[in-house]
Amino acid sequence: MSIKSKELTLISPDGRRLDGRRPDEIRELKIKAGILENADGSAYVEQGNTKIYAAVYGPREVHPRHLALPNRAVIRCRYHMTPFSVEERKSPAPTRREIELSKVIREALTPAIIVEQFPSSAIDVFIEVINADGSTRCASIIAASVALASAGIPMKDLVAACSVGKINGVLVLDVTDVEDKYGEVDMPFAMMPNRNEITLLQLDGILGPEEIEKAISMAAKACKEIYEKQKSALKERYIELRKTVEEGFRT
Amino acid sequence: MDLLSSGRRVDGRGLEDLRPVEIRCRSVKNAEGSAEVRLGKTLAIAGVKTSIGTPFADTPDMGVMIVNAEFLPIASPTFEPGPPDENAIELARVIDRGLRRAEMIDLKQLCIVPGKAVWEVWIDIHALNHDGNLMDASALAAVAAILTAEVPKAMVNEKGEVTINKSERQRLPIKSIPITVTMAKIGDKLVVDPNLDEEEVADAFLTATFVDDKVCAIQKRGERGLTAEETMKALQIARQKAHELLKTVREVVGGG
C-alpha cells in the first residue's frame, strides 16, 4: 500500500503520511490578524512550514485613474514568493506561475467582497510567501480573507481554502511540497463556507468524476474548520484592539 | 435571462450546443505542425516547432514541451500589444497542464542522448479573432497541430554528435488526445462554449480537460463562485461535449 518514489514513502500501509497525518487531516494552522502596521488590514498565516504574509490597502484611489470603474471597486492582487522561500533561490521577478496565481487568488476573493460599496476605488491585496511547503495559494487565500476583514472591508463571507492531493490512489487534504511533487494530483480549492460557493477550483492531475465529487466534499469540510480559525483570529485581534483603546481612555 | 430560461441563447443555440467547429491542419509549411481552429467566429492558430535542446536536470531522459499563447491586437479591439497578460498566461498554462497530464506527447520518446540532447517541442498559440472561448479554440488548435506535426529525425554518430535529418519526417509520439471544454455560468444556467457577449455577462467559467473519460485539468475562472452541484453538473455536460469534439478531431486528423 505504500508508494516509493526516490526512496520516499509518501503514505504508509496504515495510512500515515510522511508527517504522520491521516489522509483527511490538515496541518497545524496559525493565523494572526493585524500583524502589519501600515496596511489597512493584514494577516500572517503558518500552515505547517508554509508561511505567508498578506496585506490589504484600500479602499483607496486608483492609480492610474483610467483603470477605475465608475460603479464598483477594482480588486488587485499580487501573489509573490520571496527568493528565499524555496529550496533553489527564486528570482524576485514575477514568473508566469505567480501571474496566474495572482489572477486565480483575486478571483477567489472577489466573490466575497461587496465591490459596489466603493465606486471608483481600488482594494489592493499583497501576498508574500516567506516559506513555501505546498498549498501556498490556499494559505494565501486564508491570509488574504482575514486581511480583508481586518481592513474593515464589508464582505459577504470569509473565503477559506484547502488543497486536495492523491497519493497512491488515496485522496489527501492539505498537500505539502513533497506530496505535490511526487503525488498524482493537486487540486487547490477555496469556498465561502456560509454560502456554499466554490470560488477557487483547479485540478492538475487525473481524477474520475466520483473522485472529484469526493475531493470537493473533503475540501469543503476542511474549509469549515479553517473558517472557524479565521474567525477566531479576527476576534482575538478585535479584543486586542479594544484593550488598547480602553487603556488609552484610562491614561 | 428570459431567453435562457426557455433553453435558447441569443445566437439561437441550445444551452448545450457548441458553435460550428472547423479544423484546418498543416497550412503553415515552415512549421513542423500547425492547425487553425474556428469555433463559430472565434479563430485561433497553433504552431508546433521542434528543436534540439538540453533536458531538465531532474528528468534527463525526457523531452521538453513549452506552451505559449499570445493575445495580440489583431484579434480584438480590447487586446493591447506587449508580452502575454494574465489571461494569455493562464490560457497557456491551463492548456499545458491538460497536455502534460494527459501525456499527449510521450516525452520519454523524445530523448536523443540522455542527459545531453532531447527534442524540445514548442507550441505557440495565437488568437486571431476573439469572439469568445479562446480557451477551447486554442486547446483544440494545439491538439490538432500536435497530432498532425511531422518532425525531423535525429541521429547520433559514433562521436556522440547529434545531427538532424530534415528530409526524413515522422509524427510525434502520441499517447492520448485530451479535449478541453469550457462552461459558463450565467445566472443559474450553465452554457457550453460561451461566445463573446456571453463571456461578458457570465458570472463564472469552468474549463475542464478530459482524457479517456477522466478529468486531467480544471480551471475555474471569473469573479463569482459556483456551488458544488453546479460544478458537478458542468463537468457532466462538458464530458459529453468532449466526446463530440474528440470525434470531430479524429475525423479531421484521421485516426489517432
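Q: In which helix of chain A is Met218(A) found?
A: This is a predicted model, in which local features need pLDDT (the predictor's confidence in each residue, from 0 to 100) of at least 70, side-chain atom pairs count only at pLDDT 80 or more, and totals for chains, interfaces and linings use all residues. Residues are numbered from 1 along each chain as its sequence is written, while chains are lettered from A and ligands numbered from 1 in the order in which they are written. Helices (H or I, at least four residues) and strands (E, at least two) are DSSP runs, numbered from the N terminus. On that basis, Met218(A) belongs to the helix covering residues 209-250 of chain A, namely H4.

Q: How many other C-beta atoms lie within 10 Å of Met218(A)?
A: A residue is buried if 20 or more other C-beta atoms, placed from the backbone, lie within 10 Å of its own, exposed if 12 or fewer, and partly exposed in between. Met218(A) counts as partly exposed because the number of such neighbours is 19.

Q: Which residues are in contact with Met218(A), leaving aside its neighbours within four places in sequence?
A: Two residues are in contact if their C-beta atoms, placed from the backbone, lie within 7 Å. Arg76(A), 142 residues away along the chain, has its C-alpha atom 30 Å from that of Met218(A). The contacts of Met218(A) are Asp24(A), Val164(A), Leu171(A) and Leu173(A).

Q: Is Ile153(A) buried or exposed?
A: Ile153(A) sits in the loop between helix H2 (136-150) and S8 of chain A, where it is in contact with Ile113(A), Ile123(A) and Leu148(A), apart from neighbours within four places in sequence. Its C-alpha atom is 8.8 Å from that of Gly41(A), although the two are 112 residues apart in sequence. Because 22 C-beta neighbours fall inside 10 Å, Ile153(A) is classed as buried.

Q: Which helix gives the largest share of the largest nonpolar core?
A: A nonpolar core is a set of buried Ala, Val, Leu, Ile, Met, Phe, Trp, Tyr and Cys residues joined through C-beta atoms within 7 Å. The largest has 150 residues, and those with the most contacts inside it are Ala143(A), Ala161(A), Ala141(B) and Ala142(B). Its largest share, twelve residues, is from residues 134-147 of chain B, which form helix H3.

Q: Which residue in S11(A) stands opposite Phe189(A)?
A: Phe189(A) is one of the residues touched by Ala161(A), a list that also includes Cys138(A), Leu200(A) and Cys223(A). Two strands pair if DSSP finds at least two bridges between them, and six bridges join S10 (residues 185-192) to S11 (residues 197-207) of chain A in an antiparallel arrangement. Across from Phe189(A) in S11(A) is Leu201(A).

Q: Which strands stand at the edges of the open sheet of eight strands?
A: The antiparallel strand order is S9(A)-S8(A)-S10(A)-S11(A)-S12(B)-S11(B)-S9(B)-S10(B). The twist averages 25 degrees from one strand to the next. Each edge strand has a single partner, so one side of each is left without a neighbour in the sheet, and these strands are S9 (170-173) of chain A and S10 (189-192) of chain B.

Q: At what angle to S9(B) does helix H5 of chain B run?
A: Axes are lines fitted to C-alpha atoms, for helices over the stretch in contact, and angles run from 0 to 180 degrees between N-to-C directions. H5 (residues 228-253) lies across S11 of chain A as well as S9, S10, S11 and S12 of chain B. Its angle to S9(B) is about 140 degrees.

Q: Which residue in S10(B) stands opposite Lys185(B)?
A: S9(B) is mostly covered, with seven of its eight residues buried, and seven bridges join it antiparallel to S11(B). S9(B) also pairs antiparallel with S10(B) over four bridges, and in their hairpin, with two residues between the strands, Gly187(B) takes a positive phi near 65 degrees. Opposite Lys185(B) in S10(B) is Leu190(B).

Q: Which residue in the turn between S7(B) and S8(B) has a positive phi?
A: S7 (residues 150-156) and S8 (residues 162-171) of chain B pair antiparallel over seven bridges, with Lys153(B) opposite Asn165(B). The hairpin has five residues between its strands, and the residue with a positive phi, of about 85 degrees, is Gly160(B).

Q: Over which residues of chain A does pLDDT stay under 50?
A: Chain A averages a pLDDT of 94, and 96% of the residues score at least 70. The stretch under 50, for which the model has 15 contacts beyond four places in sequence, is residues 1-7.
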